[in-house]
Amino acid sequence: MSTDDPGSMTDWDLIHRWEWFRREKWRQGFRAHISGAGGGPARAFGDLANSIDAKVVLDASCGLGRRAILLAEKGLNVLGSDISGTAITHARELARDENSPVTFFRSSWNELPKNMPHHFDGILVTGLNLEPSWDHLGIALVGLYHALQPGGFLMFVGATENEPPTSGPAERVEKEWKIKPAESVEWFNREGRVTCALVNLRYKAADYIDERFLYVSEENGESRLESTTLRRPAYWTWTHWKDVTRMAGFQSLETRQYKDFGLDGGDLLINVAWKGTSPRSDTSVRASEHEERYED
């Protein structure tokens, strides 16, 4: 569930707190992990930003800051934002430890226009497809739209225009369900007197998959169980993305294919929404008004 939902079932502070707890396991290799075999979304974002000579860009789902630090090392002037205060605190700490110039600030997507230090030429978001409802999706995209400079772009992960027209939620759920087992121990870690294990219990519904994260920890002989749920919707289609980006004010939407950029070394398909070069102050106009200005 999105970090933009005040009533979200997902406790992102909990997730980031325990991920930071095990940082000694990932710190040395986080750059390779984020890039994968082909560079992934970070490489695609960097290529597009450089192609338009972007002056300043934003990783708007930065988490602990690892991807933003990597982008800065690739030569981009990048900032990072996240709704989780815990994530931002530790992202700043990681940046100091890595001698990185990246600035991090806390903000949800819909509140970016009032929280950001300035507008951006490009924004990368990798959790937009976790939004639970049309209203949440629209509100988030309006905020992201207003955070961009005229002519800027939003790159995000989601269903692409290459998606088969017959593909429905049930088919997408089954495809996602096969990726990993219904029950698994994701990791176990010990730091000093504290031990923790992350157990993932997955549940399948008609149009989404819930992942129940159980953090089982022990400190000084005292056991503790903390949990949160991440919902992965399977109902957002390319048509939804076209409609909602149009209504948020974006001029056009396209799927870009990057050969060999995938984390597995294959091709990467990723969506890019473009803001028009003429600033628009009102994104609450009726959908028909947007349709007249939208380029399919």
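E19 is buried, with a relative accessible area of 17%, where buried denotes under 20% relative accessible area, exposed over 50% and partly exposed the range in between (1.4 Å probe, protein chains only). The structure is a predicted model, in which local features require pLDDT of at least 70 and side-chain atom pairs count only at pLDDT 80 or more, whereas totals for chains, interfaces and linings use all residues. Residues are numbered from 1 along each chain as its sequence is written, and side-chain values use heavy atoms, with hydrogens and water left out.

E19 belongs to helix α1 (residues 12-21); helices (H or I, at least four residues) and strands (E, at least two) are DSSP runs numbered from the N terminus. The side chain of E19 is joined to that of R66 by a polar contact of 3.4 Å. A polar contact is a pair of N or O atoms within 3.5 Å; within protein, one atom must be able to donate a hydrogen and the other to accept it, and residues adjacent in sequence count only if both atoms are side-chain atoms. When neighbours within four places in sequence are set aside, E19 is in contact with W26, L64, R66 and W187, contact being defined as heavy atoms within 4.5 Å.

Helix α1 also contributes to the aromatic pairs, which number 11. Rings of Phe, Tyr and Trp (its six-membered ring) pair if their centres lie within 6.5 Å; planes under 30 degrees apart count as stacked, over 60 as edge-to-face and the rest as tilted. W18 and Y215 form a stacked pair, with 6.3 Å from centre to centre and 15 degrees between the planes. This pair links distant parts of the chain, W18 lying in helix α1 and Y215 in strand β8, 197 residues apart. Both W18 and Y215 are buried. An edge-to-face pair is formed by Y235 and W236, at 5.0 Å centre to centre and 75 degrees between the planes. Y235 is buried at a relative accessible area of 19%, and W236 is buried at 9%. Ring pairs further link W18, F21, W187 and Y215 into a cluster.

Four strands form an open antiparallel sheet in the order β6-β7-β8-β9, where two strands pair if DSSP finds at least two bridges between them. Strands β6 (183-191) and β9 stand at the edges with a single partner strand each, so one side of each is left without a neighbour in the sheet. The twist averages 15 degrees from one strand to the next; axes are lines fitted to C-alpha atoms, for helices over the stretch in contact, and angles run from 0 to 180 degrees between N-to-C directions. β6 and strand β7 (residues 194-204) run antiparallel and are joined by eight bridges, and N189 stands opposite C196 in β7. Helix α1 packs on this sheet, touching β6, β7, β8 and β9, and its direction makes about 120 degrees with that of β9. Helix α9 (residues 169-177) lies across β7, β8 and β9 and runs at about 145 degrees to β7.

A second open sheet is formed by seven strands in the order β3-β2-β1-β4-β5-β11-β10, with mixed pairing. Its edges are occupied by β3 (103-106) and β10 (252-258), each with a single partner strand, so one side of each is left without a neighbour in the sheet. Neighbouring strands are turned by 25 degrees against each other on average, direction ignored. β1 and strand β2 (residues 78-82) run parallel and are joined by three bridges, with V57 opposite V78 in β2. Helix α6 (residues 85-97) packs on the sheet, touching β2 and β3, and its direction makes about 170 degrees with that of β3.

Helix α8 lies across β4 and β5, running at about 135 degrees to β5. The 13 residues of α8 (residues 134-146) should span 18 Å at 1.5 Å a residue, and the end C-alpha atoms are 18 Å apart, which agrees; the expected span is 1.5 Å times one less than the number of residues. Within α8, L137, G138, A140, L141, G143, L144 and Y145 are buried. These buried residues are covered by elements including α7 (112-115), β4 (120-125), β5 (148-156) and α10 (238-248).

Positive phi values occur at two loop positions. D53, which is not a glycine, has a phi of about 55 degrees and is placed in the loop between α4 (40-51) and β1 (57-59). N220, also a residue other than glycine, has a positive phi near 55 degrees and lies in the loop between β8 (208-219) and β9 (222-233). N220 is exposed, with a relative accessible area of 53%.
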